[in-house]
Amino acid sequence: MDKKFTMHVDVDAFLPASDKEKEYMVQMRPSSTFFKDGVKRLLKNRVATISFIIIVLITLASIIIPMFWPYSYDSMLGVRPGRPVDPSYNNLQPFSYGRTELKKIEAGEKVFPHVFGTDSAGRDYFIRVVYGTRISLAVGFFASIIVLIIGMTVGSIAGYCGGKVDLIIMRIVDIIYSLPDMLLVILLASVLKMTLGPALAGTALEKIGSNIISLFIVFGVLYWVSMSRLIRGQILSLREQEYVLAARAAGAKGSWVIRKHLLPNCISVVIISTALQIPNAIFTESYLSFLGLGVNAPMPSLGSLASDALNGLSSYPFRMVIPAVVISLIVLSLNLFGDGLRDAFDPKLRN
Amino acid sequence: MARYLVKRVLIMILTLFMIALLTFCLMHVVPGSPFTSQKQVSQAVLDALNAKYNLDDPLWKQFVDYMIGVLHFDFGPSYKYTGKTVNDFIEGGMPYSGTLGLITLVFVLLMSIPMGIVAALRNGKWQDMLLMFLATLGVTIPSFVIATGLLYIFSFKLGWTPVYGVDSWKGYILPMIAMGGYSISFLARLMRSSLLEVMGQDYIRTARAKGISEVRIIWKHALRNALIPVITVLGPTIANLLTGSFVIEKIFAIPGLGGYFVNSVTQRDYTTIMGMTIFYATVLIAMIFIVDIFYCLIDPRIKYE
């Protein structure tokens with residue numbers, strides 16, 4: 001359009017805008033929350049997504065498979081009531097069968113295969129691995145939750161109160177931090193194993209087993225320190241914000257401010273470090289089980305399976321390889337997923 | 001500096017005292033006397049045993065006596081092996097564990113630092129990818145899995161190394177690799193990221209602009225600064241190596257301290273557990289202390305609070 005410079009007012013330019021023009025001017029995208037943003041970034045990270053899928057698959061498998069698998073983790077297949085023990089069931093190679101099972105197959109019956117063979121006591125190895133995975137995952141998960149709860153409580157109190165409270169709590173944290181952890185884990189686990197056994201007999205907790213509970217106690221006592229340090233640091237910087245001042249001016253108590261204002265603001269840090277704590281706990285559990293301080297006897301965990309396999313290593317190496325691969329897969333994918341979470345949710349690292 | 005040293009030493013002594021107190025309490029929380037698990041001991045014998053080991057004394061006196069013994073480097077007798085003292089175990093196991101720990105530490109440093117440097121300098125190329133892939137595997141596979149894998153391949157299948165024991169120098173090779181695997185991976189990753197960060201600094205650009213050769217830039221300017229985070233974690237790494245030997249010594253049947261410690265735990269040999277714990281803790285804390293001092297000397301920017 002060719003417009004000359006003129007003092008005449010162009011009336012057309014002052015017409016009310018049509019709806020179409022109005023729509024054109026408004027630049028609005030659907031609003032996005034911090035959480036949605038994070039999920040979007042997480043999904044873009046291929047490695048983290050694949051790791052997450054692997055974790056979900058392993059978890060689902062460890063929950064679902066025992067429901068329909070015809071063998072159980074503690075039944076010795078060669079042992080039948082009223083008959084001598086049938087040794088042909090012990091140490092089966094994968095996809096081979098015991099003596100009575102072979103007879104059944106000859107008679108035309110179908111027998112469910114022993115996918116990974118059986119162990120030295122004639123127990124189906126596949127279901128033991130599945131159960132062991134379940135135990136290891138559960139231990140890792142609950143131990144992290146315990147660490148989370150204790151670390152969050154102590155850390156937020158230290159950070160919010162400051163002053164003497166902070167000083168005392170942080171000195172305690174420093175001392176626990178400088179204790180050699182593996183040494184104390186073994187020590188505590190062994191002592192608790194001896195004391196808790198009789199104390200728990202007859203209660204509902206007996207079924208879980210004293211060793212797992214002592215494992216949880218060990219985690220609760222020793223591993224909360226790094227979490228509490230982290231949260232204290234976050235709270236220290238957050239409590240100087242104006243909204244905290246506003247909340248306190250409105251008469252809010254300390255516990256309210258912590259729960260409603262401070263913790264929700266450091267939730268991403270909390271989630272990330274919890275996610276990274278789980279593989280750590282699984283590692284420690286497998287290490288303790290390997291030394292014979294893990295889960296109680298018939299119950300398997302990935303560490304105790306690997307430990308048992310050590311005796312027959314030269315003849316049955318696959319019994320070591322299978323739990324080892326599962327542990328490594330779980331730990332690797334949890335670590336990669338945790339890294340992905342950190343990249344996606346930690347605002348400090350965002351570009 | 002002097003003030004810092006005094007403070008550190010005081011904290012060290014406090015920590016050691018806490019550990020001693022904690023282990024002592026833990027051992028006395030366990031129900032029953034140390035001799036109840038032995039078969040059919042008559043009351044008279046039990047009384048005599050209690051009297052012999054001063055177990056009738058009040059707890060605080062037992063603790064004081066024990067601590068005085070510890071200060072004289074006397075950890076008392078073993079309750080399970082008559083005639084043996086805890087000192088015997090420590091003296092018997094220390095040469096093996098010490099040797100293994102020392103060569104593993106040297107091995108870790110010789111492997112991880114060059115690995116990290118190569119990965120950082122070839123950032124994004126195949127060398128970097130390969131090394132970081134190995135390092136990721138190294139931190140995710142538990143050490144006992146690496147150990148048994150190595151044992152199976154090199155001892156059972158190939159027969160290159162002895163299956164157990166450390167009678168010849170060959171016996172140390174596999175334990176060293178298995179024990180160092182985690183630390184090598186961890187330190188290599190740290191070295192890589194820290195060197196990458198340093199290489200992006202302005203003073204490196206200045207050095208390049210002045211026409212200094214690349215080797216000299218890396219050696220003189222980048223590496224010395226990049227090593228600081230690695231030295232920071234060296235203390236915990238040494239602790240990791242020493243306590244990591246529990247499992248490794250079990251797998252390779254090395255008659256070291258770790259084996260005695262695990263044995264005493266499973267056999268409930270209380271005095272041995274206590275003595276070993278205090279001994280281990282002392283070594284660990286002393287190592288971390290030495291590394292920290294060293295670290296302060298290397299980096300003048302670090303202030304002594």
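User: What does the secondary structure of chain B come to, in helices and strands?

Analyst: In this predicted model, the secondary structure of chain B comes to 12 helices and zero strands, and reading along the sequence gives the pattern α-α-α-α-α-α-α-α-α-α-α-α. The C-alpha atoms of chain B fill a box of roughly 85 × 55 × 30 Å along the principal axes, and 46% of its 305 residues count as buried.

User: Why is Met176(B) called buried?

Analyst: Buried stands for a relative accessible area under 20%, and Met176(B) has 15%, so the residue falls on the buried side of that limit. Its place is in helix α7 of chain B, which covers residues 173–199, and, leaving aside residues up to four places away in sequence, Met176(B) touches Leu100(B), Ile103(B), Thr104(B) and Phe107(B).

User: What makes Ser264(B) buried, and where does Ser264(B) lie?

Analyst: The relative accessible area of Ser264(B) is 4%, and because the limit for buried is under 20%, the residue is counted as buried. Ser264(B) lies in helix α11 of chain B, residues 257–267, where a polar atom of its side chain is 2.7 Å from the backbone oxygen of Phe261(B). Not counting residues up to four places away in sequence, Ser264(B) also touches Asp269(B), Thr272(B) and Ile273(B).

User: Why is the pair Lys61(B) and Asp65(B) called a salt bridge?

Analyst: The rule asks for a side-chain nitrogen of Lys or Arg within 4 Å of a carboxyl oxygen of Asp or Glu, and the closest N and O atoms of Lys61(B) and Asp65(B) are 3.4 Å apart, so the pair meets the rule. Both residues lie in helix α3 of chain B (residues 59–71), four residues apart, which is about one turn of the helix. Lys61(B) is partly exposed, with a relative accessible area of 34%, and Asp65(B) is likewise partly exposed, with 35%.

User: How do you know that Arg192(B) forms a salt bridge with Asp128(B)?

Analyst: Their closest N and O atoms are 2.8 Å apart, and because the cut-off is 4 Å, the pair qualifies. This pair links distant parts of the chain, with Arg192(B) in helix α7 and Asp128(B) in helix α5 (residues 126–140) of chain B, 64 residues apart. Arg192(B) and Asp128(B) are both buried.

User: What makes Glu240(A) exposed and Arg239(A) partly exposed?

Analyst: Exposed stands for a relative accessible area over 50%, and Glu240(A) has 59%, so Glu240(A) is counted as exposed. Arg239(A) has 25%, which lies between the limits of 20% and 50%, and therefore Arg239(A) is counted as partly exposed. Glu240(A) and Arg239(A) form a salt bridge, with the closest N and O atoms 3.4 Å apart, and over all chains the rule gives six salt bridges.

User: Why is Cys161(A) not in a disulfide with Cys266(A)?

Analyst: A disulfide needs two cysteine sulfur atoms within 2.5 Å, whereas the sulfur of Cys161(A) is 15 Å from the closest cysteine sulfur, that of Cys266(A), and is therefore too far for a bond. Cys266(A) is in no disulfide either, and over all chains the count comes to zero disulfides. As for their surroundings, Cys161(A) is partly exposed, with a relative accessible area of 45%, whereas Cys266(A) is buried, with 1%.

User: How many residues does each chain bring to the contact, and what is the area buried between chain A and chain B?

Analyst: The contact takes 34 residues from chain A and 41 residues from chain B, and the area buried between the two chains is about 3300 Å², of which carbon and sulfur atoms give 85%. On the side of chain A, Leu183(A), Leu187(A) and Met194(A) lose the most area to chain B, together 20% of what that side buries.

User: How many salt bridges and polar contacts does the rule find across the interface of chain A and chain B?

Analyst: Across this interface the rule finds zero salt bridges, and the count of residue pairs in polar contact, with both at pLDDT 80 or more, is also zero. Helices α6, α7, α12, α13 and α14 of chain A each supply at least two residues of the side that touches chain B, and α7(A) gives the most, with 10 residues. The residues of that side of chain A divide into 25 nonpolar, nine polar and no charged.

Conventions
Residues numbered from 1 in each chain as written. Chains lettered and ligands numbered in written order. Predicted model: local features only at pLDDT ≥ 70, side-chain atom pairs only at ≥ 80, totals over all residues. Heavy atoms only, no water. Buried < 20%, exposed > 50% of the residue type's maximum accessible area, 1.4 Å probe, protein only. Contact = heavy atoms within 4.5 Å. Buried area = accessible area lost by both parts, 1.4 Å probe. Polar contact = N/O pair within 3.5 Å; in protein donor to acceptor, adjacent residues only side chain to side chain. Nonpolar A, V, L, I, M, F, W, Y, C, P; charged D, E, K, R; others polar.
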